[in-house]
Amino acid sequence: MSLRSTLAAAATVLSLALPVAASAADLKVAYVDLQRVLLEVDDGKAAKQRLQKWLEARQKEIDGEQETLRKEKELLDKQASAMSEATRTQKATELQKKVMELAQKYERSRAEAANKERQEMEPIISRIDQVIATIAERDGLGFVLDKRDSGIVFALGQYDISNEVVRSYNNTKKPAPVAKDAPVKK
């Protein structure tokens, strides 16, 4: 390659790179801790309380059934010596079946809890996204990154808009998003 073509190629690359570098210098970026925002907005707090009450009720129900099964096991152990082998085997099988049913109920409960949390949080997250978009447009932000899922290892606090998102969300006079299955206050 001649010196002339090398210089021409370098000039072309430089002319293409300068506008990109200049526009990158004008790019405004911010980040938000979505998990923290979700826990701090009023609707998020209320949803977490509803979920916590539901989980506690479910856990209490499962704990009661577990205690009943423990008592049945103790009774079976005490009476086992007075039972015939066939009766003892039948009772142990029935107890094992109840234990398996309770374990399945617990797993269904966990899946239901995850689904319920998703239903509760989806409308709140959607509204948070709208608030972030409004702030980004108002402030001319090119990007707003999620602190936890974006790979950010370090960023200056001045670029964190989490507090502003919480404040804007709570000050917006929209009706609170409520999941379909959530209880309605009267």
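A residue is taken as buried when its relative accessible area is under 20%. In the predicted model, Ser 109 has a relative accessible area of 9% and therefore counts as buried. Ser 109 belongs to helix 4. Beyond residues up to four places away in sequence, the contacts of Ser 109 are with Trp 54, Arg 58 and Ile 62.

The secondary structure of the protein consists of five helices and two strands. Their order along the sequence is α-β-α-α-α-β-α. The protein has 186 residues, and 22% of them are buried. Among contacts with a separation of 6 or more, 88% join residues that lie 24 or more positions apart. The exposed area of the protein is about 13,500 Å², of which 57% comes from carbon and sulfur atoms.

In soluble globular proteins, nonpolar side chains tend to be buried together. The largest nonpolar core of the model comprises 19 residues. Within this core, the residues with the most contacts are Val 37, Val 41, Ile 124, Ile 128, Ile 161 and Val 165. Two or more core residues are supplied by each of strand 1, helix 2 (34-40), helix 3 (42-79), helix 4 (85-139) and helix 5 (162-171). The greatest contribution to this core is that of helix 4, which provides seven residues. Around Val 37, with neighbours within four places in sequence set aside, contacts are made with Val 32, Ile 128, Ser 162, Val 165 and Val 166. Another core, of six residues, lies apart from the largest one. Its members include Ile 62, Leu 69, Leu 76 and Leu 102. Ile 62 is also one of the residues touched by Ser 109.

On the surface, Leu 27, Val 29, Phe 143 and Leu 145 make up a nonpolar patch of about 320 Å². Leu 27 is located in the loop that runs between helix 1 (3-26) and strand 1 (29-32). Partly exposed residues are those that fall between the buried limit of under 20% and the exposed limit of over 50% relative accessible area. With a relative accessible area of 41%, Leu 27 is therefore partly exposed. Membership of a patch requires a relative accessible area of over 30%, and the 41% of Leu 27 satisfies this cut-off.

Technical notes
Residues are numbered from 1 along each chain as its sequence is written. This is a predicted model: local features need pLDDT of at least 70, side-chain atom pairs count only at pLDDT 80 or more; totals for chains, interfaces and linings use all residues. Side-chain values use heavy atoms; hydrogens and water are left out. Helices (H or I, at least four residues) and strands (E, at least two) are DSSP runs, numbered from the N terminus. Buried means under 20% relative accessible area, exposed over 50%, partly exposed in between (1.4 Å probe, protein chains only). Contact means heavy atoms within 4.5 Å. Accessible areas come from the Shrake-Rupley method with a 1.4 Å probe; for residues, only the protein chains shown count as cover. Patches are made of residues with over 30% relative accessible area and no salt bridge: like charges are joined within 9 Å, nonpolar side chains (Val, Leu, Ile, Met, Phe, Trp, Tyr) within 5 Å. A salt bridge is a side-chain nitrogen of Lys or Arg within 4 Å of a carboxyl oxygen of Asp or Glu. A nonpolar core is a set of buried Ala, Val, Leu, Ile, Met, Phe, Trp, Tyr and Cys residues joined through side-chain atoms within 4.5 Å.
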